[in-house]
Amino acid sequence: MTDSLDVTGTEAGVDVCVVGGCGRVGLPLGIALASRGLSVLLYDIDAAAVDRVNSGVMPFDEEGAAEPLAEALAAGRLRADTAPESVGRAEALVVVVGTPVDEHLNPDLGAVPRAIERCVEYLHDGQLIVLRSTVYPGVTALTEKLLNSRGLHVDVAFCPERIAEGKAMTELFALPQIVAARTPQALDRAEKLFRHLTDSIVTLEPEEAELAKLFTNTWRYLKFAAANQFWMMANDFGLDFARIRHAVAYDYPRAADLPMPGFAAGPCLLKDTMQLAAFNRNNFVLGHSAMLINEGLPLYLVSRLEDRFDLGELSVGILGMAFKGGSDDSRDSLAYKLRKILTLKARETLCTDPYVKDDRFLPLDDVLKRADLLVIASPHPDYRTLDTEKPVIDMWGLTGQGVLV
């Protein structure tokens, strides 16, 4: 045990319990804290993931995580468990369950409270409860009310994660940590916890921090929408956006953050943009316009292909089904939307991905042989030097051959 959290009178146990600890947010955090000497318990309801973690196997790809996971397990500083009573052994709980949106794009405000309800009977006075994932503004206050209604005297903080998948084991230590709480004691305890990762701390009020996280993801979504709209404009006039973007950004810092076009998808950006819209009484013209542009990109891409090719006579190979390059995460990937549209339009649709495991996917070599037309749907580095004479549609600019479609 360490005394770094300044907690006294609590049940002997571990320094930190991560609720949802075997997922893509919780596990890297748990490994990072364990690597800095804290004793960490990962509580997760996914028994298969818990077993894999305890055996030293990462349940997903995360660069640089496997070795410190093995070291933490060997040192006895980290383990995973499915038992909800395990949360009672921790001085601090970090809850990484976020706020999803439903099929109508409305925030599910009960997701975080439900996760806490599953184990609330095992919580006790004196603990620090940290909400870590993106939440709808007001969920921190809702959590405080829930815990107060149970007669618990605990400190509550909101400290949002801002890592990019695949870079967690670098960014957890390199990025400033946002720490927010309503009382000086809760703020101090949360700050001390995250100073195990970095000395760069930014403090806010909980509602400010909730909006800061939503603004962060929405800003990225808006930038991608702008790039995609520019790309479509250029395409429609027969011009190569890659050449135009190079000219705009070359040695011109004010345009350096203009992205290349591509599918803007995954489990966060659209969801959080819609949460922000809901928070503002659905008065968010920029956000809704960005959704129309980004979500409409597969339809636009196929319409351009129909202009150039007789799709009904062609086999089309989709290269990459993950939502981002170099990742094995296919959640909410627009590659699946592209596949659905091409299934209706093309003679045959073939899919491949070097990271995403799916029995329906084919090896890359098979797709290269059978397809008449290739579309890069995820910018995996594996596709940077494709050896093929087939037409390759590369809206990402990955192959360096331009992005005109």
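## Exercises on a predicted structure

With a relative accessibility of 4%, S86 counts as buried. The model used throughout is a predicted one.

**Exercise 1. Locate S86 in the chain and identify the residues that S86 touches, sequence neighbours aside.**

Solution.
- Step 1: The loop that joins β3 (78-81) to β4 (90-95) holds S86.
- Step 2: Buried means under 20% relative accessible area, so S86, at 4%, falls in that class.
- Step 3: When residues up to four places away in sequence are not counted, S86 touches L41, Y43 and D81.
- Step 4: Two of these names, L41 and Y43, recur in strand β2 (residues 40-43), where they occupy one side. V40 and L42 occupy the other side, and every one of these residues is buried, which leaves both faces of β2 covered.
- Step 5: Strand β2 is joined to strand β1 (residues 14-19) by four bridges, and the two run parallel. Within this pairing, V16 has V40 in β2 as its bridge partner.

**Exercise 2. Determine whether F60 is buried or exposed, and describe its surroundings.**

Solution.
- Step 1: F60 sits in the loop between α2 (47-54) and α3 (66-75).
- Step 2: The relative accessible area of F60 is 7%, so the residue is buried.
- Step 3: Neighbours within four places in sequence are set aside; the contacts of F60 are then C22, G23, R24, L27, P28 and D328.
- Step 4: A separate C-alpha to C-alpha distance links F60 with S327: they are 9.1 Å apart in space and 267 residues apart in sequence.
- Step 5: For the whole protein chain, residues 24 or more positions apart account for 71% of the contacts with a separation of 6 or more.

**Exercise 3. Establish the strand order of the open sheet that contains β9, and state which strands stand at its edges.**

Solution.
- Step 1: Strand β9 (315-319) is joined to strand β10 (residues 348-352) by five bridges, and the two run parallel. In this pair, S315 stands opposite E348 of β10.
- Step 2: Strand β11 (residues 373-376) pairs with β12 over two bridges, again in the parallel sense. Here V375 has I393 in β12 as its bridge partner.
- Step 3: The open sheet has four strands in the order β10-β9-β11-β12, with parallel pairing.
- Step 4: β10 and β12 (392-393) each have a single partner strand and stand at the edges, so one side of each lacks a neighbour in the sheet.
- Step 5: As for cover, five of the five residues of β9 are buried. S315, G317 and L319 lie on one side of β9 and V316 and I318 on the other, so that both faces are covered.

**Exercise 4. Which residues of helix α5 (residues 139-149) are buried, and what covers them?**

Solution.
- Step 1: The buried residues of α5 are V139, T140, A141, T143, E144, L146 and L147.
- Step 2: An α-helix has 3.6 residues a turn, so residues three or four places apart point the same way.
- Step 3: The cover over the buried residues of α5 includes α4 (111-117), β5 (128-131), β6 (155-158) and α8 (206-236).
- Step 4: After α5 comes G151, with a positive phi near 75°.

**Exercise 5. Give the phi values of N282 and D332, and classify each residue as buried or exposed.**

Solution.
- Step 1: N282 is not a glycine, yet its phi is positive, at about 55°. The residue lies in the loop between α10 (269-279) and α11 (285-295).
- Step 2: The relative accessibility of N282 is 52%, so N282 counts as exposed.
- Step 3: D332, also a residue other than glycine, has a positive phi near 55°. Its loop runs between β9 and α13 (334-345).
- Step 4: The relative accessibility of D332 is 54%, so D332 counts as exposed.

**Exercise 6. Assess whether the protein chain is as compact as a globular protein of its length, and characterise its surface and charges.**

Solution.
- Step 1: The chain contains 14 helices and 12 strands.
- Step 2: Its radius of gyration is 23 Å, close to the 22 Å from the globule rule for 405 residues, so the chain is as compact as a globular protein of that length.
- Step 3: The C-alpha trace spans about 70 × 45 × 40 Å along its principal axes.
- Step 4: Of the 405 residues, 52% are buried.
- Step 5: The chain exposes about 18,100 Å², and carbon and sulfur atoms supply 52% of that area.
- Step 6: There are 40 positive and 57 negative side chains, and the centres of the two sets lie 3 Å apart.

How values were computed. Residues are numbered from 1 along each chain as its sequence is written. This is a predicted model: local features need pLDDT of at least 70, side-chain atom pairs count only at pLDDT 80 or more; totals for chains, interfaces and linings use all residues. Side-chain values use heavy atoms; hydrogens and water are left out. The radius of gyration is taken over C-alpha atoms; the globule rule is 2.2 Å times the number of residues to the power 0.38. Buried means under 20% relative accessible area, exposed over 50%, partly exposed in between (1.4 Å probe, protein chains only). Contact means heavy atoms within 4.5 Å. Accessible areas come from the Shrake-Rupley method with a 1.4 Å probe; for residues, only the protein chains shown count as cover. Lys and Arg count as positive and Asp and Glu as negative; His and the chain ends are not counted. The place of a charge is taken as NZ of Lys, CZ of Arg, CG of Asp or CD of Glu. Two strands pair if DSSP finds at least two bridges between them.
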